[in-house]
Amino acid sequence: MLAVNHLSISFGGVKAVRDVSFSVAEGQVHAVIGPNGAGKTTMFNLLSGVYKPSSGEILFRGENVASMPPEQLARRGMSRTFQNLQVCMNMSAIENVMVGAHLKLNQGMFQAMCRLPGLRRRDAACREEAARLMDFVGAGAYVGAHASQMPYGALKRLEIARALAASPAMLLLDEPAAGLNNTETGEIEKLIRKIADSGVTVLLVEHDMKLVTSISDRILVMDHGSRLADGTPLEVCANPEVIAAYLGASVTAGVMQ
Amino acid sequence: MLAQFLQFLFSGITMGLTYVLAALGFSIIYNASGVINFAQGEFIMLGGMATVALTALGLPLPAAIAVAVGIAVSAGLLVQKLAIERARNASVVSLIIITIGASLVIRGLVQVALGKDSHALKAFSGDAPLTLLGATLLPQNLWVVALSAAVVAGLSWFFGRTLTGKAMLATSHNRLAANLVGINTRNILLLAFGLAAALGSVAGIMVAPITYTSYDIGVMFGLKGFVAAVLGGLGNSAGAVLGGLLLGIAEAMTAGYISSSYKDAMPFVLILLVLFFMPRGLLGANVTERV
Amino acid sequence: MKTLFSHGAGLAILAAVLLAVPLMTSNAFYLDLAIRIAINAIVAIGLNLLIGYAGQISLGHAGFLGIGAYSSAVLTTHFGFPPLLAMLAGAAAVAALAFLVARPILKLKGHYLAMATLGLGIIISIVIANEAGYTGGPDGMPVPALTVMGREVTGDATWYALVALLLIIVAWAAQNLIDAPAGRALQAIHGSEVAARVAGIDVAGSKVKIFVLSAVLASLMGSLTAHYVGFLTPGQAGFFHSIELMTMVVVGGMASVFGSIVGAALLTLLPQALSAFEGWETVVFGAILMITMIFLPAGLVPALRLRFAKGGR
């Protein structure tokens, strides 16, 4: 599904990502972890087209998408959420999700103004699908609400619903559990499982080690912009370099059971 | 040839220094509160007009100047207290309209009180022209340079050496953090507005003997001061100085060599060019948006 | 967005009001006011799509209006163009100019965007004021009457019918746009540009389209105003007029088509009401601006909506 080859980017003098290579197989849940400043979110921004790499290639479904802007990546089946929520607080919850489906309802401004027939039907269908997605992610209670009225945890799910509205082949989740308590994190874990089971490939950046180890098929560990390790949770947790750089002994012990 | 060029240069520097003070006023308020104060131009107007009115009433010039600056500062404090403080979390557009509303109120009051005529203020130390390298200089031009230099020096001392000045800088970098270390940010904001108004009024007063002053000069002055601030880098004091001088000189050169009727368009052509090619201004920092 | 009435009902009410006005009064003064309100409302609706929905800023919109107005005046007077052709030529010029500057300008945000649009508007008004040979300069110039296929459009009744019809059409088209995915895309751009991009929306392209659209609308209305009033001054393109237009949108209600109409009505009627204040108009106008923006930052119509929504429980 995704193959990253020798990807690098520098900001001024800072090499945020150095020569990273890894691949993600279809239908898998692949996590990217590492201490703060390791370059995880930068990597995400590179993959989702927000940044252009200095060198290297990103092969998404066989095509090199390294310099493509996010709009084109969306067209190719990639979707993402954001670490610092990027919910449109000026719109209602359901409208936010409907925005995610924008590409499916392809229609220009001038056609919109003339109100060509069929629009009402398609809009109603889109609305229903958005409501279904909000249920799917567990934010069904907020279907009638405005984004500004929703609590943080619900907004995180809303972003996921919006990303799913495009029926993506691959979903990038940027710290989906950030700011959530243990119960909410457990629910997010179940949600990610549901999403992966429905056939969507998931790539996530996360700090919560319990979530990462229980849900991922593979883990990429980054440190100071480079790849430190890439393997199954057991392999990664047993890797002495990773332990030295990042994991605590108690968590490793927990996973070994 | 050289004489003519120098003539334009001197006139450009004179006007440019007014823009410097106006730009500094914009920067100080912007730094302290994130607000672009469209009423800045009216402080400039208030300085000149109030001084004219007070001297006409019989006050000696130094006293008139002091009172005029005081009036402008009061206006600045009122704008902050009555308007900006209440519009705490307003959007950019709302704040722009509020300060424009404030500028209309100030301009309207001056129009009602002092009429629509233009006035000239008497030069501080006479009209006897001096010559420098073939170009004519009025003593007032020298006053402008001297006063501006004094003001800029005063501001650097204030921001660099006094506790209050540093507190203002701290507020501009991070208001919450400044609050947490005990800085009274509300007073800082008041101070910022008062300071900006003082700067503006001084600019208006010192240039009033050279250009005529009337109730409606505030708009163009304010806009050009804003252009100078953005030109140099919004919020950057050195940028304000650079921007103001560049703007004044560019304007004078346009008036002299290209067309005097289009001289007013030059600042805005400049700002479009800067915004298209160097949006952070000449000395501004490059910021990338973090997602 | 909670609405008081469904969009269809709102348009019906607008149509009813527009029909009622000439029935209630044949006084030329009131009809003239109504015509001016309708023209301003159309410009305000276009501007609202840009600043209320798409979340951009334009402090120079009167510049586009001025180009339309002066194109009509100059091309008919000095070059013998038929009025409709002159109007289209003006609109085409504005479309070209707006298209040219839109991409670089709309890359900017906040105060920088405000400054750029401001600069553009002022440059336009200075050019108009300076080219006195064509435009009559600061003293202004007369404008011949509008002729459609050889017949003159004169009389308040005819003008009213024309602008009322245009207003209904523009309001309807705007509502359609807002209800459609393209309208949601605009609001998404306002909410979070990066989220919109990631959803596949062509943010830069959409901003350009809506900028050009609102500019062309202003240009066409500028042309109509020129013919209607019969006389033009450079003030039409000036900074103050740009502020008035933006105020109509912001005070009436951002992101609200009916808010724009209410705002246009208020800002057109206000100078009339203020003329009683003799010299204090500027002060009162400024005070009203400040008070409205401080206490009703979302504008009048959204504030009323909220009040009625609460009352309805």
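A residue counts as buried if 20 or more other C-beta atoms lie within 10 Å of its own. Keep that cut-off in mind for strand β9 of chain A, residues 218-223. Five of its six residues are buried, so by this cut-off the strand is mostly covered. The model is a predicted one.

Start with the neighbours of β9(A). On one side of the account stands strand β3 of chain A, residues 29-33. Four bridges join β3(A) to β9(A), and the two strands run parallel. V32(A) has L220(A) of β9(A) as its bridge partner.

Next comes strand β10 of chain A, residues 226-231. Here the pairing with β9(A) is antiparallel and spans five bridges. L220(A) appears again: its bridge partner in β10(A) is D230(A). L220(A) is thus bridged to V32(A) and to D230(A). β9(A) and β10(A) form a hairpin with two residues between the strands. In that hairpin H224(A) takes a positive phi, near 50°. When you look along these strands, one general point helps. In a regular strand the side chains alternate between the two faces of the sheet.

Now step back to the whole of chain A. The chain is divided into two domains. Domain 1 is made of residues 1-77 and 168-257, while domain 2 takes residues 87-167. Their centres, taken over C-alpha atoms, are 27 Å apart. Each domain gives ten residues to the contact between them. On the side of domain 1, α2 and α7 (182-197) each supply at least two residues. α7(A) gives the most to that side, with three residues. By type, the domain 1 side holds six nonpolar residues, one polar and three charged.

Chain A also meets chain C. In this contact 33 residues of chain A face 25 residues of chain C. Four elements of chain A each supply at least two residues to its side: α2 (70-75), β6 (78-80), α3 (93-100) and α4 (109-114). The chain A side divides into 18 nonpolar, nine polar and six charged residues. Note that α2(A) serves in both places, touching domain 2 of chain A and chain C.

Finish in chain B, with helix α4, residues 92-114. This helix has 23 residues. From its first C-alpha to its last it reaches 33 Å, close to the 33 Å expected at 1.5 Å a residue. α4(B) is mostly covered, with 17 of its 23 residues buried. G115(B) follows the helix, and its phi is positive, near 80°.

Conventions
Residues numbered from 1 in each chain as written. Chains lettered and ligands numbered in written order. Predicted model: local features only at pLDDT ≥ 70, side-chain atom pairs only at ≥ 80, totals over all residues. Expected span 1.5 Å × (residues − 1). Buried ≥ 20, exposed ≤ 12 C-beta atoms within 10 Å, placed from the backbone. Contact = placed C-beta atoms within 7 Å. Nonpolar A, V, L, I, M, F, W, Y, C, P; charged D, E, K, R; others polar. Pairing = 2+ DSSP bridges. Domains from an automatic or database assignment.
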